[in-house]
Amino acid sequence: MKLIFLLFISLITSCSKKEVKVKALQDVNVYYEVDVAFSEGSFVLSKGCVCTLGSEIYGKVDKFTEIECGDKKGFIFEDEKFERIN
């Protein structure tokens, strides 16, 4: 039984999603919530900032992507403004 459990845990950890590091090619608006784009409460990532992308989330109209840059987290919908670096 322990062997089956260990195999199951190994399978789950081997299928985990790899972090995707990206670099901003220009200044990019980041939003605190999905579907509140173009509203207040966002922050701007400066050109050259390196961040980690998370999962994709579909809002009412646009597809958003989670992004984490140091201690800041939010959502973007303009992922073409980033370049993969790993």
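Trainee: Which residue in β5 stands opposite Tyr58?

Mentor: That is Lys63. Before we go on, remember that this is a predicted model, in which local features need pLDDT of at least 70 and side-chain atom pairs count only at pLDDT 80 or more, while totals for chains, interfaces and linings use all residues. Residues are numbered from 1 along each chain as its sequence is written, and side-chain values use heavy atoms, with hydrogens and water left out.

Trainee: What makes β4 and β5 a pair?

Mentor: Two strands pair if DSSP finds at least two bridges between them. β4 and β5 have five bridges, in the antiparallel sense, so they qualify. They also form a hairpin, with four residues between the strands.

Trainee: How do you know that β1 belongs with β4?

Mentor: By the bridges again: four of them join β1 to β4, and the two run antiparallel. One example is Val20, whose bridge partner in β4 is Leu53. On the other pairing of β5, five bridges connect it to β6 in the antiparallel sense, and there Cys69 has Lys72 as its bridge partner.

Trainee: What is the order of the strands in the open sheet?

Mentor: The five strands run β6-β5-β4-β1-β7, with antiparallel pairing.

Trainee: Why do β6 and β7 stand at the edges?

Mentor: Each of them, β6 (72-76) and β7 (82-84), has a single partner strand, so one side of each is left without a neighbour in the sheet. Neighbouring strands in this sheet are turned by 40 degrees against each other on average, direction ignored; the angles are taken between N-to-C directions, from 0 to 180 degrees, with axes as lines fitted to C-alpha atoms, for helices over the stretch in contact.

Trainee: How many helices and strands does the chain have?

Mentor: One helix and seven strands, in the pattern α-β-β-β-β-β-β-β along the sequence. These are DSSP runs numbered from the N terminus: H or I over at least four residues for a helix, E over at least two for a strand.

Trainee: What makes Cys51 and Cys69 a disulfide?

Mentor: The definition asks for a pair of cysteine sulfur atoms within 2.5 Å. In Cys51 and Cys69 the sulfur atoms are 1.8 Å apart, so the pair passes. Cys51 in strand β4 (residues 50-58) and Cys69 in strand β5 (residues 63-69) are 18 residues apart, and the pair links distant parts of the chain.

Trainee: Why is the disulfide of Cys51 and Cys69 called right-handed?

Mentor: The torsion about its S-S bond is about 105 degrees, so the disulfide is right-handed.

Trainee: How do you know that Cys49 is in no disulfide?

Mentor: The nearest cysteine sulfur, that of Cys51, is 3.8 Å away. That lies outside the cut-off, so Cys49 does not count.

Trainee: Why is Thr52 called buried, but Lys21 partly exposed?

Mentor: Buried means under 20% relative accessible area, exposed over 50%, and partly exposed in between (1.4 Å probe, protein chains only). Thr52, at 15%, is therefore buried, whereas Lys21, at 32%, counts as partly exposed. Cys49 is also partly exposed, at 24%, and Thr65 in strand β5 is buried at 4%.

Trainee: What joins the side chains of Lys21 and Thr52?

Mentor: A polar contact of 3.4 Å. The term covers a pair of N or O atoms within 3.5 Å; within protein, one must be able to donate a hydrogen and the other to accept it, and residues adjacent in sequence count only if both atoms are side-chain atoms. Contact in general means heavy atoms within 4.5 Å. Leaving aside neighbours up to four places away in sequence, the residues that Lys21 touches include Cys51 and Arg84. The C-alpha atoms of Lys21 and Arg84 are separated by 6.0 Å, although the two are 63 residues apart along the chain.

Trainee: Which element has the lowest mean pLDDT?

Mentor: Helix α1 (residues 2-14), at 51, whereas β1 has the highest mean among the elements, 93. pLDDT is the predictor's confidence in each residue, from 0 to 100. The chain averages 79, and 73% of the residues score at least 70. Where pLDDT is low, the predicted coordinates should not be read in detail.
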